[in-house]
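Got the viewer open? Here is a short tour, one selection at a time.

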Amino acid sequence: MQYEDLIVDVQGKVALIRLNRPKALNALNDRMMDELGDALRKFDADPAIGCIVLTGSERAFAAGADIAAMADYTYVDTYRDNYITRNWEHILRVRKPVIGAVAGYALGGGCELAMMCDFLIAADNAKFGQPEIKVGVTPGAGGTQRLPRTIGKSKAMDLLLTARTIDAAEAERIGLVSRVVPAEMLLEEAMTAAATIADMPTSVAMMIKDAVNRAFETTLTEGVNYERRLFQSAFGTPAQKEGMHAFLEKRLPKFDGL
Ligand code: CO8
């Protein structure tokens, strides 16, 4: 598939996907989301890839779903024909780690897409918000669900109801992003983190991602049981033998292809 709205690149074991509709601040339309789904599926299935970085431009990760595209949609367009709402869930089916590298605006659907990444590294110019109420809609890709789970009810209600935008420092303080770096360092920081992850045993990284995501879907007891099964199954992987024996032999482990 040729991409019109994405730029993709592979550096070592890391795949970099860049949202690329600069004139519209990376507003997310159906074509871009179709392409994103395709790229994510391919990289997830590629055994040579251990981690994926999703980013935008220096000015915008994504300023939301494409308002120009959806302004005249009807209920039938969105419900029956799935306009604008299709293909948003692909990123949730990716089993390998996905880092979101956010510079500039991550608003509305852009903030929701960012929250579907496994963790976020933000540039110091990043701005996050859920301003959907100002254009007369609710969030539609998890904003009302993931935001309160991530930053708590009070902060989430504040952002969702006032449409207030927060800066990178506040986003880090409330736990929406894991690190903030100077804008010019963003990609290097994200790619270095991704390379570190890609050098770990991919099968175990996938288990950890699976277990953490389970925490949001189940009770503590069930989640801990699930984790224990994964821990036990890790003893069936070559990564466990290599990792533990390398430690005992006082050498670096070789996880290539594991
Ligand atoms: N959709 C379409 N075009 C956009 C969008 C957008 N969300 N955001 C910006 N653009 C366009 C502008 O129209 C403008 O185009 P042009 O140059 O042709 O006029 C260009 O990008 C540059 O934007 P501005 O001139 O407005 O730039 P500013 O620096 O003045 O402002 C802002 C930047 C603050 C980001 C401003 O553009 C803005 O407020 N954008 C809209 C933000 C917004 O409301 N986002 C939420 C949209 S609704 C949504 O996301 C619902 C998600 C549901 C997902 C459901 C899936 C399942």
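**First stop: a surface patch**

Select I67: this residue is partly exposed, at 47% relative accessible area (partly exposed lies between buried, under 20%, and exposed, over 50%, with a 1.4 Å probe and protein chains only). You're looking at a predicted model, where local features need pLDDT of at least 70 and side-chain atom pairs 80 or more, while totals for chains, interfaces and linings use all residues. Numbering runs from 1 along each chain as its sequence is written, and side-chain values use heavy atoms, leaving out hydrogens and water.

I67 sits in helix α2, residues 67-70 (helices are DSSP runs of H or I, at least four residues, numbered from the N terminus). Now add V135 and V137: with I67 they make a nonpolar surface patch of about 250 Å² (patch residues have over 30% relative accessible area and no salt bridge, meaning no Lys or Arg side-chain nitrogen within 4 Å of an Asp or Glu carboxyl oxygen; nonpolar side chains are joined within 5 Å).

**Next: the inside**

Pick L19, L54, L113, F128 and L176, which touch the most other members of the largest nonpolar core, 45 residues in total (buried Ala, Val, Leu, Ile, Met, Phe, Trp, Tyr and Cys joined through side-chain atoms within 4.5 Å). Helix α1, residues 30-45, gives the most to this core, with 6 residues. A second, separate core has 17 residues, among them V53, I121, V181 and A193.

Zoom in on F128: beyond four places in sequence, its contacts (heavy atoms within 4.5 Å) include V102, L107, R164 and I166.

**Last: two domains**

Color 4-196 as domain 1 and 200-247 as domain 2, following the domain assignment, which is automatic or from a database. Their C-alpha centres lie 26 Å apart.

How values were computed: Helices (H or I, at least four residues) and strands (E, at least two) are DSSP runs, numbered from the N terminus. Patches are made of residues with over 30% relative accessible area and no salt bridge: like charges are joined within 9 Å, nonpolar side chains (Val, Leu, Ile, Met, Phe, Trp, Tyr) within 5 Å. Accessible areas come from the Shrake-Rupley method with a 1.4 Å probe; for residues, only the protein chains shown count as cover.
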